[in-house]
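User: I would like to learn how to read a structural model step by step. Could you take me through the main features?

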Amino acid sequence: MPDAFPTPPAVWRVALPVPLPRLFDYRPPVGEAVEAGDVGLRVRVPFGSRELIGIVVETGPADPDAPEAKPALARLDPEPVLEGELLESLHWLARYTHAPLGEVLATALPASLRRGEPLPDTHAWAWRLTEAGQTGRERLRAGKPRRLADVLHAGPLDEDRLDLELDDWRAAARALGKRDLAERVAIPAVAHRIDPPPGPALHAEQQAAVDAILAARDGFAALLLDGVTGSGKTEVYLHAIADCLARGRQALVLVPEIGLTPQTLARFRARLGVPVHALHSGLSDNERARTWTAFARGEARVVVGTRSAVFLPLPEAGLIVIDEEHDGSFKQLDGIRYHARDFALVRGKALGVPVLLGSATPSLESLRNAQAGRYEHLRLQQRAGNAQPPSVRVCDVRKRPLEAGLSPEMLDTIGHALDADGQVLVFKNRRGYAPVLLCHDCGWSAQCQRCDAPMTVHAGGRRLQCHHCGARRPAPNACPDCGGLALQPQGAGTERIEEVLAARFPDVPVMRIDRGTTQRRDALEHALAKFGTQRGILVGTQMLAKGHDLPNLTLVAVVGVDEGLFSADFRAPEKLAQLLIQVAGRAGRAQRKGEVLLQTHHPGHPLLATLLAGGYHAFAEAELEQREIAGFPPFAHMAMFRAEAQQVDACDAFLRMARESLRDVHAPLDLHGPLPAPMPRRAGFQRMQLLLSAADRRSLHAALDAALPAIHASAEARKVRWSLDVDPVDLY
């Protein structure tokens, strides 16, 4: 007798990369069955008129009341690509950010895997001499190709070993390859070990930090390595990673920007004796997919990567390191708005491994966690070796003549440093030639037509560019309003400072380092290598303030302090203090004494006075007291709704609806807004925001969980582009 209640067919519940907070049911392709082990597979499915790549996150019987599920088009993997701890942690991230699970899972995969391409082969590459190369080696002229041929004479060598043994061997390899004397061959991936050179002896504070990290290696612990610039934090990292490798485990090292990766990679590769992988946006899709896959298969041991490296699978995890943990670059500002530092801590706890956070200027959140005992606080208060902290002077430029923002005293000080065969870093955190183009006759200024912001002057005054939406146009020959010819660039950016310094000091190299000069791959590394240790001047933005070791740098001249002293953003003082301490720390890192010159119109400002008298920790202590009184993070927890639309009324209507939905859940929240964003119009869109604040994290998330279904379903939500940012670091 047939069953009166037939069992519904089993389906895959698939998370798709669409902005909808739900799963979608699909039957497996014809001839295949649903299995419990399918969770974590990639599948290709029909979705309206499109085909999408999704991840199976559940299996189970189909809903008998729902329309029959469509069949998937293809199962893309024999084994799950997301599983275990990583999949569970991504579920947590979706809940914490209140983002659709499908978009979170897609964010965690390399671009090629998101497109449905197969997992790449993870073999390594090596170079070997051909038969012609072996017989013709001795006839090669002296030079790099001959040196490489001599190294390869004994047998093939993989590219990581060649990185350690020869500088700039790749050009020599290409030269030999063109003559059919050498060839590139695939070899099995191996985590080989060599005998690395010993590092410098640790001083007492470094050794105490290493001992504390090793004592915590058998479980989760959060350790804040709080060390002044030049105190040897990287040496502590290297010792902790070496211990991790000795135990057969994997290590993940996060750095805030691509520019720090080459220098860190070179040092790690020279000291650890194993291949050290890179993962950042400057690599090709295939390179990132190969690294991701090598870690998933347990073949790779150490990676140095930027924000997105936090999503690497770590089946044999042993240690997570977050260098410059205070840096705002760890926060993703669009799409899934995660914070890599915070997610790394979540993963470390799930994996049961220590997480080491290092900085000379720890974030106030991390310092507060250390005060509360949630982090173990490790201090390095002395510079490594014989290096001494730089002396700091404040230059009052009120009523002083300025040339491209540079005072006579600063120019004289730069000249003295160069006369002593030193190097100088002139720091100005604004790229371009000048911040604005102004008509001296009528007051007209060049504004972006799509943003509420002036256009920055570039190319020596010939081009205007908006740094917010990217719009560009030629600078006008005459004022569009009055027809006058008195158009003058106002203020100074890195281009204008470079021009003035090159004219003032024609006998020394002047090199500009900013986003405009470092767009090509490895451009920063090559620029600093070209600059070398010769006397000269670096003009740069904040990308030079972090991590770079310039041993011959004796003077840091900070041109633009005042911009950060007066800001509506409550985080601005913290960001400015961190930036000043970080850039000052570039001076005097070797044997030569360093000096820092801060140029300002406000020499008596409390922030500068506190930093000069007591250093960063005195500032942090005072700032934490102010934050507690004001009810700001880390003593409160925030989230922000942002809305964009062509018409401001649509933004206002959406945020008012969101505010009423949050009020209906009767949670202990403070709501501020709707208010215009600090930049009300950007890229042609009107922008508004609604800020939420709660005394405890649980109340904030409970309110969002309760209100978001109604917000997603509302008619107002379909008329705007909107986003939710939990723990915003940028209120703009």
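Analyst: We will go from the whole chain to its cores, then to one helix and one residue. Keep in mind that this model is predicted.

User: How many helices and strands are there in the protein?

Analyst: The protein has 20 helices and 31 strands. The next step is to compare its radius of gyration with a rule for globules. The radius is 28 Å, close to the 27 Å that the globule rule gives for 732 residues, so the protein is as compact as a globular protein of that length. Along the principal axes, the C-alpha atoms fill a box of roughly 100 × 75 × 55 Å.

User: What share of the residues counts as buried?

Analyst: Residues count as buried when their relative accessible area is under 20%. By that cut-off, 52% of the 732 residues are buried. The accessible surface comes to about 33,000 Å², and carbon and sulfur atoms make up 50% of that surface. For contacts, look at sequence separation: among those with a separation of 6 or more, 75% are between residues 24 or more positions apart.

User: Which residues touch the most other members of the largest nonpolar core?

Analyst: They are Leu82, Leu90, Leu105, Leu254 and Leu538, in a core of 82 residues. Helix H18 gives the most to this core, with 7 residues. There is also a second, separate core of 32 residues, whose members include Ala221, Ala251, Val255 and Val276.

User: What is Leu254 in contact with, leaving aside its neighbours within four places in sequence?

Analyst: Its contacts include Gly305, Thr306, Ala309, Val310, Val321 and Ile322. Asp323, Phe330, Ala340 and Ala344 are also in contact with Leu254.

User: Now a single helix. Is H13 mostly covered or mostly uncovered?

Analyst: To read a helix, count its buried residues and then ask what they pack against. H13 spans residues 364-371 and is mostly covered, with 6 of its 8 residues buried. The buried ones are Leu364, Glu365, Ser366, Leu367, Asn369 and Ala370. They pack against strands S10, S15 and S16, and also against helices H12, H17 and H18. After H13 comes Gly373, which has a positive phi, near 85°.

User: Why does Arg512 count as buried?

Analyst: Arg512 counts as buried because its relative accessibility is 18%, and the cut-off is under 20%. Arg512 lies in strand S24, residues 510-513. Its C-alpha atom is separated by 48 Å from that of Val43, which is 469 residues apart from Arg512 along the chain.

User: And how are the charges distributed?

Analyst: Count each sign, then compare the centres. The protein has 86 positive and 88 negative side chains, and the centres of these two sets lie 4 Å apart.

Methods. Residues are numbered from 1 along each chain as its sequence is written. This is a predicted model: local features need pLDDT of at least 70, side-chain atom pairs count only at pLDDT 80 or more; totals for chains, interfaces and linings use all residues. Side-chain values use heavy atoms; hydrogens and water are left out. Buried means under 20% relative accessible area, exposed over 50%, partly exposed in between (1.4 Å probe, protein chains only). Helices (H or I, at least four residues) and strands (E, at least two) are DSSP runs, numbered from the N terminus. Contact means heavy atoms within 4.5 Å. The radius of gyration is taken over C-alpha atoms; the globule rule is 2.2 Å times the number of residues to the power 0.38. Accessible areas come from the Shrake-Rupley method with a 1.4 Å probe; for residues, only the protein chains shown count as cover. Lys and Arg count as positive and Asp and Glu as negative; His and the chain ends are not counted. The place of a charge is taken as NZ of Lys, CZ of Arg, CG of Asp or CD of Glu. A nonpolar core is a set of buried Ala, Val, Leu, Ile, Met, Phe, Trp, Tyr and Cys residues joined through side-chain atoms within 4.5 Å.
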